[in-house]
Amino acid sequence: MGRTTFRGQIYRALDAIDRRGESKHLAKQAQDWKPGQPVYGIFSDGTQDTVFDRAMTFANWLDDNYPDTRLFREVDEEHVIEFMMWKTEMCQSNTVGAMLSALRKLQEGLLAMKWIREPIVPAEWDAEGKNIPRGAYPSDEAERIIRHVNRRNPEYGQALRFILSSGARIDEVFHLRSDKVFLTEGKVELLGKGGKTRRVRVLRKETLFELDLSKRFVYLDRRKLRTWKDGLRAAVCKACDELGFQRHGVHGFRGTAAGEFLRVKRLLGYDETEGRHELAQWLGHNSHRIEVTYAYVPRRGGDYETCRF
């Protein structure tokens, strides 16, 4: 892709699924289409223009909020969740639904171009915003999943305990440097999206003493560059299935940590708005944009107070 702009990337992604002039009816038959399923491809000029315009809205939002992110291959589900939470706060449900449909078409093109390896638009999102994507594990489930994973792979179990204490993203965990772990202070410095760093206090100081700080990186190993994160995701999914729990992915542990963070802030005398400003910053988002925290902890009164380790 070189140094192409988002505009150029969108043009190329949509061109990859351009089926204008073909019969949508025949395409449905070829795809063994069922009601409620998407029809792959773009079949009209109107759809092409609409999807492009809405995809550019997302691209402009990325420019404003993540100026160092320049390629769609650097965009992940969390970017989309944050954007959709913003749209949900600002727009009517029909507008949110239209944007969601456009992003799914963009996603088709990005997958066709092999610019992303997996979907970035949460499949369980609905236009009303009733189903918070991914969500958090209840604390008791989180602990059971970690024990289950730990029995097969202690390193993965330790990584999950770290996420549960720090709220770190999976990529931030993988790139954690030993010299950025401050045992006395109970803090770590995380390398976030766009190369931005933040120093956060962990919820459970003892998790830092579990880390092997004898190497430059705690987890990063060049022999595992392509397998470590996928392996952790697969281990969590397998544990959820074997335990009979709903899958929330590795990201769900970040949600559980967010709930605990808000509970602690409430105990310290913060009201919910103040606590959410602190939470947004702790999770690596802009502190003034608290709407993103609803993707981790629902706004319904007092729900986060039930979160426990």
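The paragraphs below lead through a predicted model, taking its sheet, its charged side chains, a pair of helices and two single residues in turn.

The sheet is a suitable place to begin. Three strands make up an open sheet, arranged in the order β1-β2-β3, and their pairing is antiparallel. Strand β1 covers residues 181-182 and β3 covers residues 197-201; both stand at the edges with a single partner strand each, so one side of each has no neighbour in the sheet. Strand β2, residues 187-191, pairs with β3 in the antiparallel sense over 5 bridges. One residue pair can be picked out here: E189 has R199 in β3 as its bridge partner.

Helix α8, which spans residues 170-174, contains E172. Is this residue buried or exposed? E172 counts as buried because its relative accessibility is 2%, and the cut-off for a buried residue is under 20%. When residues up to four places away in sequence are set aside, E172 touches L190, L191, G192 and R198. Within its own stretch of the chain, the side chain of E172 has a polar contact of 2.7 Å with the side chain of R169. E172 and R169 also belong to a network of salt bridges that links them with E78, R198 and R254.

Salt bridges are found elsewhere in the model too. The count comes to 23 salt bridges, and three pairs may serve as examples. In one pair, the side chains of R20 and D18 meet at 2.9 Å, N to O. Both partners are partly exposed: R20 has a relative accessibility of 36%, and D18 has one of 26%.

A second salt bridge brings together the side chains of D171 and K229, at 2.7 Å from N to O. Because D171 lies in helix α8 and K229 in helix α9 (residues 228-243), this pair ties together parts that are 58 residues apart in sequence. D171 is partly exposed, with a relative accessible area of 31%, and K229 likewise counts as partly exposed, at 22%.

The third pair lies within one helix. The side chains of E272 and R276 form a salt bridge of 2.8 Å, N to O. These two residues are 4 residues apart in helix α11 (residues 272-282), which means that about one helical turn separates E272 from R276. How do the two partners stand with regard to burial? E272 is partly exposed, with a relative accessible area of 24%, whereas R276 counts as buried at 1%.

The next topic is the packing of helices. Two packed helices are described by the angle between their axes and the distance between the axes. Helix α3 consists of residues 45-65 and helix α5 of residues 93-112; their axes come within 9 Å and cross at roughly 95°. The two helices α3 and α5 are therefore roughly perpendicular to each other, since angles from 65 to 115 degrees count as roughly perpendicular. On the side of α3, the contact is made by V51, R54, A55, T57 and F58. On the side of α5, the residues that make the contact are A98, M99, A102, L103, K105 and L106.

Following helix α11, the chain continues into a segment that holds H285. This residue is buried, with a relative accessible area of 7%. Which residues does H285 touch, not counting residues up to four places away in sequence? They are Y66, E78, E82, R169, R254, A280, V292 and Y296. Among them, Y66 joins H285 through a side-chain polar contact of 3.4 Å, and E78 does so through one of 3.0 Å. E78, R169 and R254 are also members of the salt-bridge network described above. H285 may further be compared with K193: the two are 92 residues apart in sequence, yet their C-alpha atoms are 9.6 Å apart in space.

The last residue concerns the backbone. Most residues other than glycine have a negative phi. K114 has a positive phi of about 60°, although it is not a glycine. The loop between α5 and α6 (139-152) is where K114 is placed. K114 counts as exposed because its relative accessible area is 70%, and the cut-off for an exposed residue is over 50%.

Methods:
Residues numbered from 1 in each chain as written. Predicted model: local features only at pLDDT ≥ 70, side-chain atom pairs only at ≥ 80, totals over all residues. Heavy atoms only, no water. Pairing = 2+ DSSP bridges. Buried < 20%, exposed > 50% of the residue type's maximum accessible area, 1.4 Å probe, protein only. Polar contact = N/O pair within 3.5 Å; in protein donor to acceptor, adjacent residues only side chain to side chain. Contact = heavy atoms within 4.5 Å. Salt bridge = Lys/Arg side-chain N within 4 Å of Asp/Glu carboxyl O. Axes fitted to C-alpha atoms, helices over the stretch in contact; angles between N-to-C directions. Parallel < 35°, antiparallel > 145°, perpendicular 65-115°, else oblique.
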